[in-house]
Amino acid sequence: MVEGNGGARRYARVVASLLVTLVLVGCGGLGLLPRKADIKNTNFRSYAAVQAAYQTVSPGSTRVSDLDQIGFDAVQSPNVEVLSYLGVIERFMPRDSIKFDQLDPLVQSCIAAREGCSAYIFKPERIHEERTGNWFLDIFGFERESISYGWSAEVMLLVQNGRVVYKVMDGKPRINNYHDSVQPLGPFQDLSNTVVATASRMY
């Protein structure tokens with residue numbers, strides 16, 4: 001009799017687990033699908049903030065020592081690329097695709113200063129990626145839908161003898177991408193691909 005009660009309880013737990021799973025699947029997983037964030041240069045929380053800081057930089061007046069107060073701290077900010085004058089030449093004249101005398105006079109002057117010329121390249125961005133779609137199809141690998149959204153920017157500050165002499169900014173103010181990957185065989189897709197690849201090598 002005791003064994004019968006134990007079996008009933010186990011059966012009830014299995015049924016309860018199945019019901020919970022069905023509810024989660026019906027509700028889209030209640031946010032259980034993976035998500036991630038790729039954040040670089042956390043000094044800026046939005047593209048507008050990068051633009052505002054960029055507008056504050058005044059070529060000919062802003063010193064390198066002023067940049068940390070503006071938000072472009074070459075020492076503390078992560079992922080900052082520092083170019084020597086040789087790097088500046090490669091940046092503005094890649095593979096001699098443009099002649100020196102075609103460059104902006106301020107860029108020419110900086111390159112002519114040689115060791116006195118350098119550049120700081122900041123690449124702040126905030127990209128978020130979320131998996132969407134049907135929880136059951138996603139978790140078992142049949143179909144995975146995801147969206148990525150956010151912004152990215154690139155700011156280059158050309159520095160000559162400790163003072164910013166030239167600036168340029170590029171970027172993507174609004175990133176919004178949709179991805180959909182379908183595997184008809186679900187968790188067996190990779191095994192199928194492996195079998196096909198092995199057979200092709202054998203024959």
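This is a short talk on a predicted protein model, from its overall layout down to a few individual residues.

Hi everyone, thanks for coming. Please keep in mind throughout that we are looking at a prediction.

Let me begin with the whole chain. The protein has 203 residues, and 30% of them count as buried. Its secondary structure amounts to 7 helices and 6 strands. If you walk along the sequence, the order is α-β-α-α-β-α-α-β-β-α-β-β-α. Now take the contacts between residues at least 6 apart in sequence: 70% of these join residues at least 24 apart. As for the surface, about 13100 Å² is exposed, and carbon and sulfur atoms supply 55% of that area.

On to the aromatic rings. The structure contains 4 aromatic pairs, and I'd like to show you two of them. One is F44 with F72, a tilted pair with 5.3 Å from centre to centre and 45° between the planes. Where do F44 and F72 lie? F44 is in the loop between β1 (35-40) and α2 (47-56), while F72 is in the loop between α3 (67-70) and β2 (81-83), so this pair ties together parts that are 28 residues apart in sequence. Both partners are tucked away: F44 is buried with a relative accessible area of 4%, and F72 is buried with a relative accessible area of 0%.

The other pair is F92 with Y166. Here the ring centres are 5.9 Å apart and the planes stand at 70°, so we call it edge-to-face; the cut-off for that is over 60 degrees. F92 sits in helix α4 (residues 85-92) and Y166 in strand β6 (residues 163-182), so the pair ties together parts 74 residues apart in sequence. F92 has a relative accessibility of 16% and counts as buried.

Back to F44 and F72 for a moment, since ring pairs link these two and F122 into a cluster.

Next, the helices, starting with α2. Which residues of α2 are buried? They are Y47, V50, A53 and Y54. Looking down the axis of α2, these residues fall within an arc of 125°, so they line one face of the helix. The background is familiar: an α-helix has 3.6 residues a turn, so residues three or four places apart point the same way. Y54 also has a charged partner: the charged end of K167 sits over the Y54 ring, 4.3 Å from its centre.

Helix α5 (residues 105-112) can be read in a similar way. Its buried residues are V107, Q108, C110 and I111. Their arc around the axis is only 165°, which puts them on the same side of α5. P105 and A112 are exposed on the other side. At the N-terminal end, α5 is capped by D104, with a side-chain oxygen 2.8 Å from the backbone nitrogen of L106.

Just after α5 comes R114, and its backbone deserves a look. What is the phi of R114? It is positive, at about 55°, although R114 is not a glycine. R114 lies in the loop between α5 and β3 (117-122), and it is partly exposed, with a relative accessible area of 45%.

There is another residue to set beside R114. N161 is also not a glycine, and its phi is positive, near 50°. N161 is in the loop between β5 (143-160) and β6. At 59% relative accessibility, N161 counts as exposed, because the cut-off is over 50%.

Two last stops before we finish. S77 is in the loop between α3 and β2. It is buried, with a relative accessible area of 6%, and its side chain reaches the backbone oxygen of D73 at 2.8 Å.

Then there is I127, in strand β4 (residues 125-132). I127 has a relative accessible area of 18% and is buried, because the cut-off is under 20%. How far is the C-alpha atom of I127 from that of S148? The separation is 6.7 Å, for two residues that are 21 apart along the chain.

That's the tour. If you remember one picture, make it the cluster of F44, F72 and F122 linked by ring pairs. Thanks for listening, and I'm happy to go back to any of these spots in the viewer.

Conventions. Residues are numbered from 1 along each chain as its sequence is written. This is a predicted model: local features need pLDDT of at least 70, side-chain atom pairs count only at pLDDT 80 or more; totals for chains, interfaces and linings use all residues. Side-chain values use heavy atoms; hydrogens and water are left out. Helices (H or I, at least four residues) and strands (E, at least two) are DSSP runs, numbered from the N terminus. Buried means under 20% relative accessible area, exposed over 50%, partly exposed in between (1.4 Å probe, protein chains only). Contact means heavy atoms within 4.5 Å. Accessible areas come from the Shrake-Rupley method with a 1.4 Å probe; for residues, only the protein chains shown count as cover. Rings of Phe, Tyr and Trp (its six-membered ring) pair if their centres lie within 6.5 Å; planes under 30 degrees apart count as stacked, over 60 as edge-to-face and the rest as tilted. A charge sits over a ring if NZ of Lys or CZ of Arg is within 6 Å of the ring centre and within 35 degrees of the ring normal. The arc is that of the directions from the helix axis to the C-beta atoms. A polar contact is a pair of N or O atoms within 3.5 Å; within protein, one must be able to donate a hydrogen and the other to accept it, and residues adjacent in sequence count only if both atoms are side-chain atoms.
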